[in-house]
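Reader: Hello! Could you walk me through the structure below?

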Amino acid sequence: MTIKEFSNLCGCNPQTIRYYDRMNLLKPVKVDDWTGYRFYDESQALDFVKIKNLQTAGFTIGEIKELLDADNEAIYEAFTKKIKEQEDRLNAMLEIQKSYKSEITEMTKKIEEVRAKIKMRMEDYNPSLEFGIDNATYDHMKGQVDDFFDNIIKNRDYNKLKYLDDDNSEEIEQDLLNDPNLVTCYEKHGWDAVKDFYDEFSVLEDGQEYKLLFDYVEWQVLKQLDEKKAYEFTEKMKK
């Protein structure tokens with residue numbers, strides 16, 4: 001029968017039969033010298049079923065070739081070995097998945113700790129003295145803090161969180177101040193409250209990244225104001 005008739009008998013397309021021929025898995029019983037047409041025997045459908053089953057089970061082309069002429073006992077043992085390999089591979093995948101879940105849980109825990117620390121400081125802080133804003137505006141800002149952390153946890157975009165503790169704040173401050181990709185656009189010394197010079201800030205534009213550095217006597221904060229990166233420059237204010 002022709003390759004089209006044989007592929008119909010096997011329930012596949014002719015390309016599959018041609019592929020098995022190229023891989024020396026299922027050779028035609030005859031190839032016409034003039035036309036190059038392949039012809040197959042009906043009994044070869046059993047070989048096709050064996051090849052397809054082994055391929056579906058995950059056996060490689062080389063393994064299938066070795067099993068084509070093997071007896072049923074040898075094929076059964078090969079399946080037992082392959083199942084064990086697949087079980088080991090699945091168990092390894094599950095362990096990797098567990099490790100990722102553990103890392104996600106630990107990261108989420110740390111993020112919540114940072115959130116709680118920041119919110120506690122915000123609750124204990126009177127913004128009207130420093131920034132001259134009312135309670136309603138400040139409540140809105142606290143809501144934005146929650147939205148920021150919720151977004152990080154939901155999207156697992158941990159790179160957005162840059163939390164500096166007392167141990168590395170000085171080092172990171174120097175990295176910021178010496179970064180050649182940043183341009184100082186404002187600097188203030190000897191101030192008492194931000195509200196006193198807030199109007200002197202340069203206009204913040206969309207699509208640009210700003211880094212705001214407050215340098216206090218006892219602690220430091222580095223805050224990224226905008227994640228959108230067109231080009232970078234910094235606002236620096238020192239007391």
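Author: Gladly, and let us begin with a term: a patch is made of residues with over 30% relative accessible area and no salt bridge (a side-chain nitrogen of Lys or Arg within 4 Å of a carboxyl oxygen of Asp or Glu), where nonpolar side chains (Val, Leu, Ile, Met, Phe, Trp, Tyr) are joined within 5 Å and like charges within 9 Å. Accessible areas come from the Shrake-Rupley method with a 1.4 Å probe, and for residues only the protein chains shown count as cover. This is a predicted model, in which local features need pLDDT of at least 70 and side-chain atom pairs pLDDT 80 or more, while totals for chains, interfaces and linings use all residues. Residues are numbered from 1 along each chain as its sequence is written, and side-chain values use heavy atoms, without hydrogens and water.

Reader: Which residues form a nonpolar patch on the surface?

Author: Together, the members of this patch have about 270 Å² of accessible area. They are Leu90, Met93 and Leu94.

Reader: Is methionine 93 buried, partly exposed or exposed?

Author: Buried means under 20% relative accessible area, exposed over 50%, and partly exposed in between (1.4 Å probe, protein chains only). Because its relative accessibility is 45%, methionine 93 counts as partly exposed.

Reader: How many residues of the protein chain are there, and what percentage count as buried?

Author: The protein chain has 239 residues. Of these, the share that counts as buried is 27%.

Reader: What does phenylalanine 48 touch?

Author: Contact means heavy atoms within 4.5 Å. Leaving out residues up to four places away in sequence, phenylalanine 48 touches Cys10, Cys12, Thr16, Ile17, Tyr20 and Leu26.

Reader: How many helices and strands are in the protein chain?

Author: Helices (H or I, at least four residues) and strands (E, at least two) are DSSP runs, numbered from the N terminus. The protein chain has eight helices and six strands.
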